[in-house]
Amino acid sequence: MNQPISQKLFFWILVVISIITLSAPTLVVLGASLTSGNIIVFPPDGLSLKWYEALVEKQELQDAFIRSIWVAMICVFISLPTGTLAGVALTKYRLRKRALIQTYLLLPFTIPLIGSGIGLMLVFGEVGILGSLWPVGVATAVINLPFMIWAVSSSAAGLDPDLELAAQSCGAGPVQTFFYVTLPSVMPGIITGSLLMFILSLNEFLVSLLLVDARIVTLPVQVYNSIRSIITPDLAAVSVVFIAVAMLAITVLDKLVGLEIFLKSK
Amino acid sequence: MRRNPSSYPLTWHLMDILEAVFSKIWPKGGGLWNPYLMLSPAILLIGLLVLGLGYIGDISLRTLDTSTFLFSEEWSLTNYERALTEPFIRSVIWRSILGATIVTMITLLLAFPYTYVMVRTRSAFLRKFLLIALFLPFFIGQVVRAYGWLIILGKQGIVNDILGLVGIEPLRMLFNYPSVLFGLVQYMFPFAVLMLAPALTAIPEEIEAASESLGASWVETMLHVVLPMAKPGLIGAGLVVLTLSLTDFAMPAILGGGTQDFVANAIYDQFFRTSDQGFGSSLAVILIVIGSLLVWVIFMLVGAGTLALGAKDK
């Protein structure tokens, strides 16, 4: 289908504006981290890696990064089995009160993040576990769980129920059927969901801010605290860590399941 | 020609053991596949959230005695009355609602053509490029993105440096309402595209060709064919953008510099600056009610769109 020039022009102007808006902060942070000056100016003073070298000595930034990785791993550890079971159940079975269950499972999205964060802060405070790191992981699992369920349920929709029946008529028990038939067929969803959970948990800022204290700040909170005081290029170098992790995640996602999975209609 | 069972692969034995354990626990078989049982971990996990809401609701009904810093034993609606009458809070609530509405409209306006081009292009390379340009910011997180905008728009930022080169006085582009909205649009954009993409993919290209072969211009085809068919996706995307920007904290905090607070910032301040958890909780309840009302009204008017989880029977 040939599109008329006016249509192409209209769409492309908006698309180019979008691309610039989307990419500008990333590119600028990358550029700023490479400056050789002490402040961030344009045009840059010159190129150097000295701000990356400076990171080696910043123990508190490294600690914050490692804590963030822990939080993200705890989040995946909890949400992977939970979300997979729920996603498969939602797609494979006719449920009574389906609408009610769906609404309930979407609560993490419909309740504002500040509400969820403060609610969890009060709950964890009551139990007396505020101040340790693992509740932060649990919290990020709770608030992002619908992503995991969505990823698994949209790939389970393509699962042919006859396959499971075939496995069972060949003598496979329920456990074998689940591990050899059901699970492999929803694997793209599990991979996509887990990656999303990991990245979102790693980047989670507000809920982290509410649940951590000065001893266990995570990297996003650390960056937030620093940009409120003064903007120096070493912060840009730290931010590049996030960019690098994001790029890695995108590459992995693309290699394993293909980014195009997000364009698929359910 | 039967093999000795001990020579079977290890995984077979493992599976036999698992099956045996399984049938011990659920002798009737298939018990675990009871869907409600499979849903229970998720329901329990989200139960934490419901419990938290209970706590918020409870505290929101208790007033803080400023002389003793203790909460009242009795429940009262004092906090809510205060929240709804205090001019400062009212202006914060209106700023959030207005901001979320503007952000939703701009985001949808930009996200629709982006998604359309991404879905329809013949070039696999362009599609991949647009996907990566979308996912990179999505995966980077709000704080780093806001930091990028600080570098670009700040008083000594890149835009002002460039303006300075051509002799224009530095402009104050940060810490105002437009900069917060701008940051929010950029933050919401990937969410909107990801909600829209499946809906646009589901529209067969032949329908557009049919419309055009019947004499419709591309504008008419868009308005009368593509947009109505993409409605579920637009609703889903609009709902996500509206509720997320209504309740956002980071962009108003970083790009607004304390002068452009949204409700979430006001709640945070009540908890961590003023230490009036009761008043802060009542604000949180009000925010939840406003958000749910908006979502409910849109659900009633136009349906859940693509938001329904795992629904096959659409």
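Student: Let's start with A:K97. In which loop does it sit?
Tutor: This is a predicted model, so take the geometry as computed. Chain A has helices α3 (59–92) and α4 (98–105) on either side of this residue. A:K97 therefore belongs to neither helix, and its place is the loop between α3 and α4 of chain A.

Student: What is its phi?
Tutor: Most residues other than glycine have a negative phi. A:K97 goes the other way: it isn't a glycine, yet its phi is positive, at about 60°.

Student: Is A:K97 buried or exposed?
Tutor: Count C-beta neighbours inside 10 Å: A:K97 has 10. The cut-off for exposed is 12 or fewer. Because 10 falls within that limit, A:K97 counts as exposed.

Student: And B:F175: how does it count, buried or exposed or in between?
Tutor: B:F175 also has a positive phi, about 55°, without being a glycine. It lies in the loop between α7 (158–165) and α8 of chain B. There are 18 C-beta neighbours inside 10 Å, and buried needs 20 or more while exposed needs 12 or fewer, so B:F175 counts as partly exposed.

Student: Zooming out, what is the makeup of chain A: how many helices and strands?
Tutor: The C-alpha trace of chain A spans about 70 × 65 × 30 Å along its principal axes, and 47% of its 266 residues count as buried. Reading along the sequence, you meet α after α with no other element in the pattern. The tally for chain A is 13 helices and 0 strands.

Student: Which helix gives the largest share of the side of chain A that touches chain B?
Tutor: The contact between the chains takes 88 residues from chain A and 83 residues from chain B. On the side of chain A, 16 residues come from one helix, residues 5–33, and that is the largest share. By class, this side has 65 nonpolar, 21 polar and 2 charged residues. The helix you're after is α1 of chain A.

Student: How do α1(A) and α4(B) lie to each other?
Tutor: Helix α4 of chain B covers residues 87–120, and its axis is 9 Å from that of α1(A), at an angle of about 105°. Angles of 65 to 115 degrees count as roughly perpendicular. The two helices are therefore roughly perpendicular.

Student: By class, which residues make the contact of α1(A) with α4(B)?
Tutor: From α1(A) come A:F11, A:L14, A:V15, A:I17 and A:S18, and from α4(B) come B:L110, B:P113, B:Y114, B:Y116 and B:V117. Sorted by class, that gives 9 nonpolar, 1 polar and no charged residues.

Student: Which helix gives the most to the largest nonpolar core?
Tutor: That core has 166 residues, and those touching the most other members are A:V142, B:A111, B:A192, B:L196 and B:I267. Leaving aside neighbours within four places in sequence, the contacts of B:L196 include B:A111, B:F112 and B:L234. With 15 residues, the top contributor is helix α8 (residues 177–201) of chain B.

Student: Which residues of chain B does UniProt give as "domain: ABC transmembrane type-1"?
Tutor: In the model, the ends of the annotated span have C-alpha atoms 23 Å apart, and the span is 79% helix and 0% strand. The feature comes from an unreviewed UniProt entry, which places it at residues 93–300 of chain B.

Terms used. Residues are numbered from 1 along each chain as its sequence is written. Chains are lettered from A and ligands numbered from 1 in the order in which they are written. This is a predicted model: local features need pLDDT of at least 70, side-chain atom pairs count only at pLDDT 80 or more; totals for chains, interfaces and linings use all residues. Two residues are in contact if their C-beta atoms, placed from the backbone, lie within 7 Å. Helices (H or I, at least four residues) and strands (E, at least two) are DSSP runs, numbered from the N terminus. Ala, Val, Leu, Ile, Met, Phe, Trp, Tyr, Cys and Pro count as nonpolar, Asp, Glu, Lys and Arg as charged, and the others, Gly among them, as polar. Axes are lines fitted to C-alpha atoms, for helices over the stretch in contact, and angles run from 0 to 180 degrees between N-to-C directions. Angles under 35 degrees count as roughly parallel, over 145 as roughly antiparallel, 65 to 115 as roughly perpendicular and the rest as oblique. A nonpolar core is a set of buried Ala, Val, Leu, Ile, Met, Phe, Trp, Tyr and Cys residues joined through C-beta atoms within 7 Å. UniProt positions are given in the numbering used here, feature names are shortened, and annotations may be inferred rather than shown by experiment.
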